[in-house]
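Student: I am new to this structure and should be grateful for a guided discussion of it. May we look at it together?

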Amino acid sequence: MTRLRALLMKELLDLRRNPATLLPVLLVTVLSFVLPMVIVLIVPAVTGRALGTDADLAKVSAIVGEGGGLSQNGRVQLFLFQQFLMLFLLTPITGAMALAAHAVVGEKQARTLEPLLATPITTPELLVAKVLGAVLPTMAISAIGLALYFTVISVAAEPGVPRAMAGWRTLVVIFLVGPSAALVALQTAIVISSRVNDARTAQQFGVLIVLPLMGLLIAQFSGSLWLSAGTLALIALGLSGVWVLLVVVSVAVFDREAILTRWK
Amino acid sequence: MIAATGLTRRFGSMSVVDDVSFEVSRSEIVALLGPNGAGKTTTLRMLGGLIAPTSGSVMIDGVPLTRATGTILRQRIGFLTESPGLWDRLTVRENLAVYAGLYTVSNARRAIDRVLDILELTDRATTRAAELSKGLRQKVALARTLLHEPQILLLDEPTSGLDPEVTRVVRRLLDERRAAGCAILLSTHNLDEAERLADRVAVLQRRLVAIAPPAVLRRRLTTGRVFVRVTGEPAAYLNTVRVFDSSATVEAGGIAVTLGAPDRDTPPLVRALVAAGADVLEVRSEIPPLEDVYLHLMKAESRS
């Protein structure tokens, strides 16, 4: 644990000294914040047409149920804010992909990997520290964005929407689905980073990992996918299991010898 | 403390290290000499548990170095890699603090202060690694190697590219570590360094060509030539000397004589000169420098 913490400390210090590497995460978070605000609050205010008057939106938003006696407009807002919440939590991962993809191959290229491997650090410690080094700053930025997201909702949304948002589903998405999805995506990037011998290849492969996430988001916005709190909790549990499996896989495929002797 | 037995490493069909066996004891420095590609770094990596031998074994303090024991045994080893490998954006102290954590050093702050002091880096503690010169980076890497007070040091070209001042600091440090009981194995291209520092020199050319104290290696190539300086006219003693070597000559104010076995024949030669009335000022055996021995061994190895 001490070794894991030590390497994690290095990762975080390194990021603090080079905050530009977190810029993609920050930009995606800002976009994820601005987009729902524009669609749900600004556009209706500017056009004078409430979202509840749109027949299609009214139809798909029925999936949220009564929402505690919300108006039609409130239901649409609740639906969209809930759906954007998922986007809000998942898209920063795409920004962190470069970070994770660079994690191992970057150490090799900077010639810092060999002294690191000469220490008693175990492969699981090394790989988990690397993934946490990418996940924690991403989650921190997400958390700040999330605070802002709920602040604006509580101030500008229809009455009753903030209270309806503060349910189990939201909590599960924020505290379980978001972190577990981040761990899975970034651990996959670490696996890739351990197997390729240059950072660009790692990033290119990393892009592929975000495709399933995008598919999930598109399904959500089409209204064809509405997951209950229970289903989301199960998904989070499944993702956690996948993460543990990925750690095992990444340890198995992390070939110290090949990294030291064949990578140039 | 370190014992390599039949150490062999192949990459594909190419043998990089072939059946190398040697030991490094407590309070001993062994220098690995060899040309580029001789297998020095690979040997060090195998001893440090970074790569596994294709065949053969490594014992550290009597414990076989395996995948299972590697984590524990690496705790006892200080490994200086060929490249300093510092994290550029971190300061010197931060670099060392991370490694103190990786080696689970208790009272890390004190340990860091200690190595900074030993390597005269205290005033650089808050400097980012990226701003350090090559010599200073190497010193920080050495500080990192000593942080957990290892009893075994594996050093890959510790003074490569360093200026004489830093080189002297490193050599002094290695002397101190040896006195403190460390077993030290270092690879170097610097024959002078090997001669000055090492108790034994191991000449590697994929396989172990020779391993012995530098003086013993040099004596292997001795020509048997002994130079004797006396007071007065050396020519007066030529007849005395020619009993030992009929071709003895006067050279540079002394007598140059070639002996069949210098260790055996030099004392009787001196006695004969004294008996002949010579005041002997100096007797110097002409022993070739280590460089000549090294080149000779390499040439012989490439012929074989």
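The following questions and answers concern chain B of this predicted model.

Student: How many helices and strands are there in chain B?
Tutor: The model is predicted, and totals for chains use all residues. The count for chain B is 11 helices and 14 strands.

Student: What radius of gyration does chain B have, beside that of a compact globule of 304 residues?
Tutor: The C-alpha atoms of chain B fill a box of roughly 75 × 50 × 30 Å along the principal axes. A compact globule of 304 residues would have a radius of gyration near 19 Å. For chain B the value is 24 Å.

Student: How far apart do the C-alpha centres of domain 1 and domain 2 of chain B lie?
Tutor: Chain B is divided into two parts, with domain 1 covering 2-218 and domain 2 covering 223-285. The distance between their C-alpha centres is 45 Å.

Student: Among contacts in chain B between residues at least 6 apart in sequence, what percentage join residues at least 24 apart?
Tutor: Buried residues account for 44% of the 304 residues in chain B. As for the contacts between residues at least 6 apart in sequence, the share that joins residues at least 24 apart is 70%.

Student: Is strand β7 of chain B largely enclosed or largely open?
Tutor: Strand β7 of chain B spans residues 152-156. B:Ile152, B:Leu154 and B:Asp156 point one way, B:Leu153 and B:Leu155 point the other way, and all are buried. In a regular strand, side chains alternate between the two faces of the sheet. Because 5 of the 5 residues of β7(B) are buried, the rest of the structure leaves this strand largely enclosed.

Student: Which residue of β7(B) stands opposite B:Ile77?
Tutor: Strand β6 of chain B, residues 77-80, pairs with β7(B) in the parallel sense over 4 bridges. Opposite B:Ile77, in β7(B), stands B:Ile152.

Student: Which residue of β8(B) stands opposite B:Leu154?
Tutor: β7(B) also pairs in the parallel sense with strand β8 of chain B, residues 183-188, over 5 bridges. Opposite B:Leu154, in β8(B), stands B:Leu185.

Student: Which helix makes a right-handed β-α-β unit with β7(B) and β8(B)?
Tutor: β7(B) and β8(B) pair in the parallel sense. The helix that makes the right-handed unit with them covers residues 164-179 of chain B and is α6.

Student: Is B:Val30 buried or exposed?
Tutor: B:Val30 lies in strand β3 of chain B, residues 28-33. Leaving aside residues up to four places away in sequence, B:Val30 touches B:Val24, B:Leu185, B:Ala198, B:Asp199, B:Arg200 and B:Ala202. A residue needs 20 or more other C-beta atoms within 10 Å to count as buried. B:Val30 has 22 C-beta neighbours inside 10 Å, and therefore counts as buried.

Student: How far apart in space are B:Val30 and B:Leu154, C-alpha to C-alpha?
Tutor: In sequence, B:Val30 and B:Leu154 are 124 residues apart. In space, C-alpha to C-alpha, the distance is 9.9 Å.

Student: Which are the edge strands of the open sheet β2-β1-β4-β5 of chain B?
Tutor: This open sheet has 4 strands in the order β2-β1-β4-β5, and the pairing is antiparallel. Each edge strand pairs on one side only. The edge strands are β2 (14-24) and β5 (63-64) of chain B.

Student: What is the bridge partner of B:Ile2 in β4(B)?
Tutor: Strand β1 of chain B, residues 2-11, and strand β4 of chain B, residues 55-60, pair in the antiparallel sense over 5 bridges. In β4(B), the bridge partner of B:Ile2 is B:Ile60.

Student: Is B:Arg206 buried or exposed?
Tutor: B:Arg206 is found in the loop between β9 (200-205) and β10 (207-212) of chain B. Its phi is near 70°, a positive value in a residue other than glycine. Because 21 other C-beta atoms lie within 10 Å, B:Arg206 is buried.

Student: Which element gives the most to the side of chain B that touches chain A?
Tutor: The contact takes 23 residues from chain B and 25 residues from chain A. On the side of chain B, the elements that give two or more residues are α2 (67-74) and α3 (92-102). With 5 residues, the element that gives the most is α3(B).

Definitions and conventions
Residues are numbered from 1 along each chain as its sequence is written. Chains are lettered from A and ligands numbered from 1 in the order in which they are written. This is a predicted model: local features need pLDDT of at least 70, side-chain atom pairs count only at pLDDT 80 or more; totals for chains, interfaces and linings use all residues. Two residues are in contact if their C-beta atoms, placed from the backbone, lie within 7 Å. The radius of gyration is taken over C-alpha atoms; the globule rule is 2.2 Å times the number of residues to the power 0.38. A residue is buried if 20 or more other C-beta atoms lie within 10 Å of its own, exposed if 12 or fewer, and partly exposed in between; C-beta atoms are placed from the backbone. Domain bounds come from an automatic or database domain assignment. Two strands pair if DSSP finds at least two bridges between them. A crossover is right-handed if, with the strands pointing away from the viewer, the path from the first strand over the helix to the second runs clockwise.
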